[in-house]
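Please open the model in your viewer and keep the sequence beside it. The tour below moves from one selection to the next.

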Amino acid sequence: MDAFNFFLISTTWFSGKEYGKADSRWLYSDPTIVSLEILTVVITGPLALMLIHAIYFNKHYRHFVQITLCVCELYGGWMTFCPEWLVGSPSLDTSFPLYLWLYLVFFNGLWVIFPLLLLWHSWKGLEVMYKSMTTITTTSKKKKK
């Protein structure tokens, strides 16, 4: 094994093990986490690749894919934590400030902030497209008269 692969594997293993100190469901096969990760691999992984392609080649379906991916991420975050909150958060360790504020709030907050920003970006992009389309339609109707 070369040094890069060793670094990648050990870093991934360490970060998962470290995050597991804040959320113990990641240390064993919690059915909620496993089912959400299956959806992540099967659906959102390919969607992310499709979005990269759509952005790079300026495809017409870019905003549709971006909105779908953002909703999937927000849904995944909700389904990761809502069931846990409903049962009193037994798997979340909030006693240590590092685990609470860095791991649970900050890192998981990024998975809310970025999709919301991208949803807003798509909203504005669709608004611009709609306005330009209605301008073209209005102009062409005026020319016919």
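Begin with Gly-88, just after H3, and note its positive phi of about 90 degrees. Before going further, bear in mind that this is a predicted model, in which local features need pLDDT of at least 70 and side-chain atom pairs count only at pLDDT 80 or more, while totals for chains, interfaces and linings use all residues. Residues are numbered from 1 along each chain as its sequence is written, and side-chain values use heavy atoms, with hydrogens and water left out.

Next, select residues 62-86, which form helix H3 with its 25 residues; helices here are DSSP runs of H or I with at least four residues, numbered from the N terminus. From first C-alpha to last, H3 reaches 36 Å, close to the 36 Å expected at 1.5 Å a residue, where the expected span is 1.5 Å times one less than the number of residues.

Now add helix H2, residues 31-56, which packs against H3 at an angle of about 160 degrees with the axes 9 Å apart. The axes are lines fitted to C-alpha atoms over the stretch in contact, and angles run from 0 to 180 degrees between N-to-C directions. H2 and H3 are therefore roughly antiparallel, a term for angles over 145 degrees.

Finally, select Trp-26, in the loop between helix H1 (3-22) and H2. Is Trp-26 buried, exposed or partly exposed? At 35% relative accessibility, Trp-26 counts as partly exposed, that is, between buried (under 20% relative accessible area) and exposed (over 50%), using a 1.4 Å probe and protein chains only.

Notes: Helix = DSSP H or I, 4+ residues; strand = E, 2+ residues; numbered from the N terminus. Parallel < 35°, antiparallel > 145°, perpendicular 65-115°, else oblique.
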